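Reader: Hey, can you walk me through this one? I'd like to start with how the helices sit against each other.

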Amino acid sequence: MPDAATSATIRPATPADARDVALLWDMANAGHVASVFARVADGARSWLDAAAAEIARPSGEMSWKNAVVAEAGGAVVGALVALRLAERISRVALMRLPPDQRAHYELLARVHGAFLLRDIAVLPDHRGRGIGAALIDAGVARARAAGCDALAVTTHETNAVFRRQLGKRGFREIDGTPVRQHARYAPESRWILLTRPVEGA
């Protein structure tokens, strides 16, 4: 049913939402998802097809099972992908990752066991209506159901609006690391890690 504060329906994603979630995933990462999947997509499919196939899988970080979507007027207008950081990544495994992924996972190694609000995005025409907040609320509910004590988010240092919004919700910045490689951001710019307790969120 529609969220009273947003007029959007917040619901678990399904495999049918894969392409919409992929587009929002790319939006949340400033075009970097398109850049990555364009490198691995074969000639018969686009980056969007390749990214949607990743989301349509029944397992993996970006699986639709980890996603919640916001729907308005019959269309998906926002999405959150969130999951518990249940598996530790070894130093050897970190070094084997591409530079664009390694920096991110180095930060996440600091918050093993936390519930990660991995990617969140709302279409521009639907921002300012509380949809992002409702998606975060859905993530908090999933964190509680998973028995997690802490929430974690990463974002780029230039995303000042999002960082302020997270600050108002009790998130605190605890670390940062250079991006190293990204389709849009400068290598010396930083990813920022923010956390807060699940209790009271």
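Author: Sure. H1 and H3 are roughly perpendicular to each other, because their axes cross at roughly 110° and angles of 65 to 115 degrees get that label. Keep in mind that this is a predicted model.

Reader: Where are H1 and H3 in the sequence, and within what distance do their axes come?

Author: H1 covers residues 18-28 and H3 covers residues 47-56, and their axes come within 8 Å.

Reader: Is that crossing left-handed or right-handed?

Author: The H1 and H3 crossing is right-handed.

Reader: Which residues meet there, H1 to H3?

Author: From H1 you have Ala18, Arg19, Val21, Ala22, Leu23, Trp25 and Asp26. On the H3 side they meet Trp47, Leu48, Asp49, Ala51, Ala52, Glu54, Ile55 and Ala56. That contact divides into 11 nonpolar residues, four charged and no polar ones.

Reader: Which H1 residues are buried?

Author: Ala18, Val21, Ala22, Leu24, Trp25 and Asp26 are buried in H1. The cover over them includes H2, H3, E2, E3 and E4.

Reader: Let's zoom in on Trp25. What does Trp25 touch?

Author: Leaving out residues up to four places away in sequence, Trp25 touches Val33, Phe37, Ala51, Glu54, Ile55, Met62, Arg118 and Asp119. Trp25 lies in helix H1 and counts as buried because its relative accessibility is 9%, and the cut-off is under 20%.

Reader: And how far apart are Trp25 and Val122, in sequence and in space?

Author: Trp25 and Val122 are 97 residues apart in sequence, and their C-alpha atoms are 9.9 Å apart in space.

Reader: What about the loop after H1, anything odd about the phi of Ala30?

Author: Ala30 has a positive phi of about 55° although it is not a glycine. Most residues other than glycine have a negative phi.

Reader: Where is Ala30 found, and is it buried or exposed?

Author: Ala30 is found in the loop between H1 and H2. With a relative accessible area of 19%, Ala30 is buried, because the cut-off is under 20%.

Reader: On to H2, then. Which of its residues are buried, and what covers them?

Author: H2 takes in residues 32-40, and His32, Val33, Ala34, Val36 and Phe37 are buried there. What covers the buried residues of H2 includes H1, H3 and helix H5, residues 99-108.

Reader: Switching to the sheet. How many strands, and in what order?

Author: It's an open sheet of seven strands, in the order E1-E2-E3-E4-E5-E7-E6, and the pairing is mixed. The edge strands are E1 (9-12) and E6 (172-178), each pairing on one side only. Neighbouring strands are turned by 25° against each other on average, direction ignored.

Reader: Which helices pack on the sheet?

Author: H1 is one of them, touching E2, E3 and E4, and its direction makes about 95° with that of E4. H5 packs on the sheet too, touching E4, E5, E6 and E7, with a direction about 145° from that of E6.

Reader: How do the strands pair, starting with E2 and E3?

Author: E2 (67-72) and E3 (75-84) pair in the antiparallel sense over six bridges. The bridge partner of Ala72 in E3 is Ala75. E3 and E4 are antiparallel as well, over seven bridges, and Ala82 has Leu117 as its bridge partner in E4.

Reader: And what about E4 with E5, parallel or antiparallel?

Author: E4 and E5 pair in the parallel sense, over two bridges. Leu116 has Ala152 as its bridge partner in E5.

Reader: How many residues of E4 are buried?

Author: Eight of the eight, so E4 is largely enclosed by the rest of the structure.

Reader: And E7, how many of its residues are buried?

Author: E7 is mostly covered, with six of its eight residues buried. E7 pairs with E5 in the antiparallel sense over seven bridges, and with E6 in the antiparallel sense over six.

Reader: Which residue in E7 is the bridge partner of Val153, and which is that of Glu173?

Author: For Val153 the partner in E7 is Leu194. For Glu173 the partner in E7 is Leu194 too.

Terms used
Residues numbered from 1 in each chain as written. Predicted model: local features only at pLDDT ≥ 70, side-chain atom pairs only at ≥ 80, totals over all residues. Heavy atoms only, no water. Axes fitted to C-alpha atoms, helices over the stretch in contact; angles between N-to-C directions. Helix = DSSP H or I, 4+ residues; strand = E, 2+ residues; numbered from the N terminus. Parallel < 35°, antiparallel > 145°, perpendicular 65-115°, else oblique. Left-handed = near helix turned anticlockwise from the far one by under 90°. Contact = heavy atoms within 4.5 Å. Nonpolar A, V, L, I, M, F, W, Y, C, P; charged D, E, K, R; others polar. Buried < 20%, exposed > 50% of the residue type's maximum accessible area, 1.4 Å probe, protein only. Pairing = 2+ DSSP bridges.
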